[in-house]
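Got the model open in your viewer? Let's walk through it stop by stop, picking something to select each time.

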Amino acid sequence: MTNKSVTIVIPVYNEEESIPSLYTEIKSSLKNFPEHEIIFINDGSKDTSIHKISTLVDNDSTVTLIDLYSNSGKADALNEGFKAAKGEIVISMDADLQDDPAEIPNLVDKINQGWDLVSGWKVDRKDPITKRWPSKLFNAIMRYVTNVKIHDFNCGLKAYKNKVVKALDLYGGMHRYTPALAAQKGFSVTEIPVNHRPRKFGVTKYGGSRIFHGFYDLLTVMFLGKYLSRPLHFFGTIGLILLSLGFVINVYLTLGWFNGVWIGNRPIFFLGILLLIVGVQFFSMGLIGELITKTAHRN
């Protein structure tokens, strides 16, 4: 079987020291893949990363530079790279040399077995414990919520069939959820153990705030995956709960009123009315969402 064409997509943010070595290692790993391209996405780097990449572009026709001018984030950088990718198999990886380019053939072999997306699994992760343990918790939650049974959702080293990357729309922090997003669209997902290396140059670009951002993005993934085509199921459930609570409160107060208990100045009375009103509003939002969804599908 002839080797398929391969595209390597690499977001870059202030990795000037890593780029020459990374390029050399990638080219070595692609020696058995004559049809290949390497796409560097400069995500607003403030060092000399863009100049290092431009030099590679001038000397190697398989290298492409996409310059985003300002720092848009990893998801947006990957999205631009995925849109430009021409290879039958697309490999994403980080630019910090922690992802080992020697794993590229292994990822390609797994794709050739019929899988649509293959995620790397950093079994022996070379990061400080402050990154490893939050990551373990994140992955455990993701496995439970998405029912995608892999160990490492956020590994930068992944392989995709081209049709998968063209179906993904990444933004914000959605790069962490590509296995879940792909599974929601019906693509097959698996993983293989990959070599992970200590950071050689620079410092990590991710702070503690990504935990909170990741939580918000997880809610987005859950909503888009389960309720995008049936918003009434989401808003209607909340509305039903609020209406039920409001109804119970007002029935309780009505029974007291029949027995001579004055309810006009009781805070719980206003709470019951509020719950009924908000419950109706949630139902209304769900119905409006259903109308928008049905209209969009007809068009």
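A salt bridge here is a side-chain nitrogen of Lys or Arg within 4 Å of a carboxyl oxygen of Asp or Glu. Keep that in mind for later stops. You're looking at a predicted model, where local features need pLDDT of at least 70 and side-chain atom pairs count only at pLDDT 80 or more, while totals for chains, interfaces and linings use all residues. Residues are numbered from 1 along each chain as its sequence is written, and side-chain values use heavy atoms, with hydrogens and water left out.

**The whole chain**

Start with a cartoon view. You should find 10 helices and 7 strands; helices (H or I, at least four residues) and strands (E, at least two) are DSSP runs, numbered from the N terminus. Of the 299 residues, 44% count as buried. Buried means under 20% relative accessible area, exposed means over 50%, and partly exposed is in between, using a 1.4 Å probe and protein chains only. Switch on a surface and you have about 15800 Å² of accessible area, 61% of which belongs to carbon and sulfur atoms. Those areas come from the Shrake-Rupley method with a 1.4 Å probe, and for residues only the protein chains shown count as cover.

**The sheet**

Now select the strands. The 7 strands form an open sheet in the order S3-S2-S1-S4-S6-S5-S7, with mixed pairing; two strands pair if DSSP finds at least two bridges between them. Which strands stand at the edges? Strand S3 (63-67) and S7 do, each with a single partner strand, so one side of each has no neighbour in the sheet. Neighbouring strands are turned by 20° against each other on average, direction ignored.

Zoom in on S1 (residues 6-12) and S2 (residues 36-42): they run parallel and are joined by 7 bridges. Pick Thr7, and its bridge partner in S2 is Glu37.

Stay in S2 and click Ile38. Buried or exposed? Ile38 is buried, at 0% relative accessibility. Its C-alpha atom is separated by 5.8 Å from that of Thr7, 31 residues away along the chain. Show contacts (heavy atoms within 4.5 Å) and, leaving out residues up to four places away in sequence, Ile38 touches a set of residues including Ile8, Ile10, Tyr23, Leu30 and Val63.

**Helices over the strands**

Add helix H1 (residues 19-29), which lies across S1, S2 and S3 and runs at about 160° to S2. Helix H2 (residues 49-59) also lies across S1, S2 and S3, running at about 145° to S3. For these angles, axes are lines fitted to C-alpha atoms, for helices over the stretch in contact, and angles run from 0 to 180 degrees between N-to-C directions.

Next, select helix H3 (residues 74-84), where you'll find Lys74. The buried residues of H3 are Lys74, Ala75, Ala77, Leu78, Asn79, Gly81 and Phe82. What covers them includes S1, S2, S3, S4, S6 and helix H6 (162-167). Lys74 has a relative accessible area of 14%, and its side chain makes a polar contact with the side chain of Asp94 at 2.7 Å. A polar contact is a pair of N or O atoms within 3.5 Å; within protein, one must be able to donate a hydrogen and the other to accept it, and residues adjacent in sequence count only if both atoms are side-chain atoms.

**The salt bridges**

How many salt bridges does the rule give? The count comes to 11. Select Arg199 and Asp96 for one of them, with the closest N and O atoms 3.2 Å apart. Arg199 lies in the loop between strand S7 (189-193) and helix H8 (209-227), and Asp96 in the loop between strand S4 (89-92) and helix H4 (104-112), so the pair ties together parts 103 residues apart in sequence. Arg199 is partly exposed at 23%, whereas Asp96 is buried at 9%. Add Glu15 to the selection: Glu15, Asp96 and Arg199 are linked in a network of salt bridges.

Move on to Asp116 and Lys161, whose closest N and O atoms are 3.6 Å apart in their salt bridge. Asp116 sits in the loop between H4 and strand S5 (117-121), and Lys161 is in strand S6 (residues 158-161), so this pair ties together parts 45 residues apart in sequence. Asp116 is buried, at 8%.

Last stop: Asp152 and Lys122, which meet in a salt bridge at 3.0 Å, N to O. Asp152 is in the loop between helix H5 (129-146) and S6, and Lys122 is in the loop between S5 and H5, 30 residues apart. Asp152 counts as buried at 4%, and Lys122 counts as buried at 11%.
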